[in-house]
Amino acid sequence: MKQAATLSNKELYEAIRDCQLDPGSFDHEAHIRLAWYYLAHWPYDQSLQKFNHDFKRFVVNAGAAGKYHRTITDALLQLIASHLHDEKCRLDWDYFKQDAAPLFTDAYGLLQRYYSSALLESETARRTFKKPDKADLPAPYNPA
């Protein structure tokens, strides 16, 4: 099995897509890097669909289906995509990491700006995307 930290962005995408990644190596940063890759390569709606399909298949294949949370996944993708209005964030991973630092240091706390804990922790939010109940998420970058 492949290790996330040793892979290029494209290789990480391929390893997830093909269920060839060591699940133990897929940490929070790798998760964000993977989402960033999808969002940089496909329009927002297509990225969301492809990411959810590939990621859910990966976690099910890894025996961790219970870790998949649709609302958290989609909300984090939208938060990541909101930084991509800046072209440098779309092209430079290190620049993106600096610009989007709260996604790396306290993603759940960031989500709580938009969602109540009760909503995020609900089974409905785990299974299907729920809109925020505290504030609207920032608009994602979605080129025409």
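Me: Which residues of helix 3 meet helix 4?
Reply: In this predicted model, the helix 4 side of the contact consists of Arg70, Thr73, Asp74, Leu77, Gln78 and Ala81. By class, the contact of the two helices has 6 nonpolar, 4 polar and 2 charged residues. The helix 3 residues are Tyr44, Ser47, Leu48, Phe51, Asn52 and Phe55.

Me: Is helix 3 roughly antiparallel or oblique to helix 4?
Reply: The axes of helix 3 and helix 4 are 11 Å apart, and the packing angle is about 140°. Roughly antiparallel requires an angle over 145 degrees. Helix 3 is therefore classed, relative to helix 4, as oblique.

Me: Which helix gives the most to the largest nonpolar core?
Reply: This core has 43 residues, and Leu21, Phe26, Phe96 and Leu103 have the most contacts inside it. Several helices each supply at least two residues, among them helix 1 (9-17), helix 3 (44-61) and helix 4 (70-82). With 8 residues, the top contributor is helix 2.

Me: Which residues in helix 3 does Phe26 contact, leaving aside neighbours within four places in sequence?
Reply: Phe26 is in contact with Ala4, Leu12, Ile16, Leu21, His31 and Leu34, along with two further phenylalanines. Helix 3 spans 44-61. The contacts of Phe26 that fall in that range are Phe55 and Phe58.

Me: Is Gly24 buried or exposed?
Reply: Gly24 lies in the loop between helix 1 and helix 2. From Ala4, 20 residues away in sequence, its C-alpha to C-alpha distance is 9.0 Å. The cut-off for the exposed class is over 50%. Because its relative accessibility is 71%, Gly24 counts as exposed.

Notes
Residues numbered from 1 in each chain as written. Predicted model: local features only at pLDDT ≥ 70, side-chain atom pairs only at ≥ 80, totals over all residues. Heavy atoms only, no water. Core = buried A, V, L, I, M, F, W, Y, C linked by side-chain atoms within 4.5 Å. Buried < 20%, exposed > 50% of the residue type's maximum accessible area, 1.4 Å probe, protein only. Contact = heavy atoms within 4.5 Å. Axes fitted to C-alpha atoms, helices over the stretch in contact; angles between N-to-C directions. Parallel < 35°, antiparallel > 145°, perpendicular 65-115°, else oblique. Nonpolar A, V, L, I, M, F, W, Y, C, P; charged D, E, K, R; others polar.
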